[in-house]
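Biologist: I'd like to talk through a few labels with you. Could you show me the model?

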Amino acid sequence: MHPSEVLFQGKRQPLLLPACDHYAGSEKLMLKSMALQQELGPLFDITFDCEDGATAGSEPEHAQMIVRLLNDDGNRHNRIGVRVHDVDSPFFEGDLAVIVGGAAQRLAYVVLPKANGAADVARAIEAINVHAAKGGRLTPMPVHVLVETHGALREADAIAAQPQVECLSFGIMDFVSSHYGAIPGAAMRTPGQFTHPLVVRAKLEMAAACHAHGKVPSHNVTTDIKDSAVVANDAQRAAAEFGFTRMWSIHPDQIKPILKAFTPRLSEVNEATNILTEGKNASWGPISQNGRLHDRASYRYYWTVLQRAKLAGLALPDAAAALVNEPQPAT
C-alpha cells in the first residue's frame with residue numbers, strides 16, 4: 001500500500017498549496033509575475049486582481065485582459081487564480097461570465113472577497129459552477145475565500161467545510177477597519193498584528209477552521225515592500241506561532257522570503273526521511289528512534305513535512321523521493 005493510503009486511512013489528507021500567493025493588479029505587474037513564475041516554476045501561485053486592480057469604469061476591459069493572459073502560453077503551469085468582485089457587486093456576474101466562462105480550463109481558483117458568511121460563499125460557488133460548466137471545465141473549480149468581515153469570521157468553520165473551498169485568506173486591513181477605530185491602525189502591521197487580542201483571535205480561529213477541514217490558511221499581506229526582513233519575520237511568525245501554511249505577496253521581492261519561511265529546513269527533511277523510512281520498514285508499526293516513540297500519528301506529521309518540501313521544490317534525499325514519488329493509490 002502507498003504510504004498516504006496507510007497513514008490516512010479513514011482520514012482526510014490535508015490539501016497542500018504553494019506557500020506564496022502573489023497578487024498582481026495591472027497588466028504590467030501580471031506579465032512580470034508570469035515571467036517570474038516561468039523562471040522559478042510553480043513554486044508560488046499568482047492571483048490576478050479584479051476587485052482592486054481594475055480602475056473605475058474599466059471593469060469589463062480589465063476582465064477581458066485577464067482572460068487573454070490566462071489563456072496565453074505564458075500561463076505555463078496553470079497556477080494563476082483570480083480575485084473577482086464581491087458577490088453583491090454589480091460586476092460580480094460579469095467577472096464570472098468573462099473570466100470563468102472564458103478561461104475555465106486554465107484558471108487555478110477563484111478568490112471571493114467580502115463574503116459575509118457561508119450563505120454568501122454557497123451562492124457564489126453556485127454561480128461559479130454555472131459559468132465553469134459553460135467554459136467546459138470538467139472538475140470543480142477551487143474557491144478561496146477572504147475572511148475580512150465579522151460574518152465570515154463567525155462562520156469560518158462552515159465556510160471551510162464547503163467541499164470546493166480549499167483556502168481561507170485573512171484580510172487584515174478590512175477586518176481592522178470594520179471595527180471603526182476600536183482596533184488601532186498599528187494592528188494592521190507588525191508587531192501589533194501578532195499581539196492585539198482581537199486580531200490574534202481572528203487569525204487563530206480562521207486557521208483552526210482550516211485545519212479542522214484539511215484546508216489551507218493563508219496569512220495577510222506585509223505592507224512594507226522595501227524591507228525583505230520584515231516580510232521574512234512576518235512569514236516566520238505566521239507559520240510558527242499561528243499555524244498558517246501560505247501567505248500573500250504584493251511585491252515580487254516578497255516571494256522568495258515567504259517561500260523560505262514556509263519551507264521545511266534540511267534538518268527537518270532529513271529527520272522526516274529517517275523516521276518514515278524506518279516506519280515503512282516496520283510496516284508502519286510503532287518504532288523508537290533516538291529514544292522517542294513514533295507511530296502513525298507522527299508518521300502523518302513527517303509525511304506532510306516531505307510533501308511541503310517537495311511542493312517547495314527542494315531536492316529530496318533519494319529515500320524521501322522514493323517515498324513521496326511512489327504511485328498514488330487508485331481511486
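Biologist: Why is the sulfur of C50 not in a bond with the closest cysteine sulfur?

Modeller: A disulfide is a pair of cysteine sulfur atoms within 2.5 Å. The closest cysteine sulfur to that of C50 is in C167, 18 Å away, so this is too far for a bond. Two notes first: this is a predicted model, where local features need pLDDT of at least 70, side-chain atom pairs count only at pLDDT 80 or more, and totals for chains, interfaces and linings use all residues. Residues are numbered from 1 along each chain as its sequence is written, and side-chain values use heavy atoms, with hydrogens and water left out.

Biologist: What makes C20 fail as well?

Modeller: Its closest cysteine sulfur, also in C167, is 12 Å away, therefore too far for a bond. By this rule the count is zero disulfides.

Biologist: Why is C20 called buried?

Modeller: Buried means under 20% relative accessible area (exposed is over 50%, partly exposed in between; 1.4 Å probe, protein chains only). C20 has 0%, so it is buried. C50, at 1% relative accessibility, counts as buried too.

Biologist: What makes the lining of the largest cavity six nonpolar and three charged, with no polar residues?

Modeller: Ala, Val, Leu, Ile, Met, Phe, Trp, Tyr, Cys and Pro count as nonpolar, Asp, Glu, Lys and Arg as charged, and the others, Gly among them, as polar. The lining is D86, V87, L112, P113, K114, A115, D120, V121 and A124, which gives six nonpolar, no polar and three charged.

How values were computed
On a 1 Å grid over the protein atoms alone, a cavity is a set of points where a 1.4 Å probe fits but cannot get out, and a pocket is an open set with protein on both sides within 12 Å along at least five of seven lines; lining residues have an atom within 4 Å of a point.
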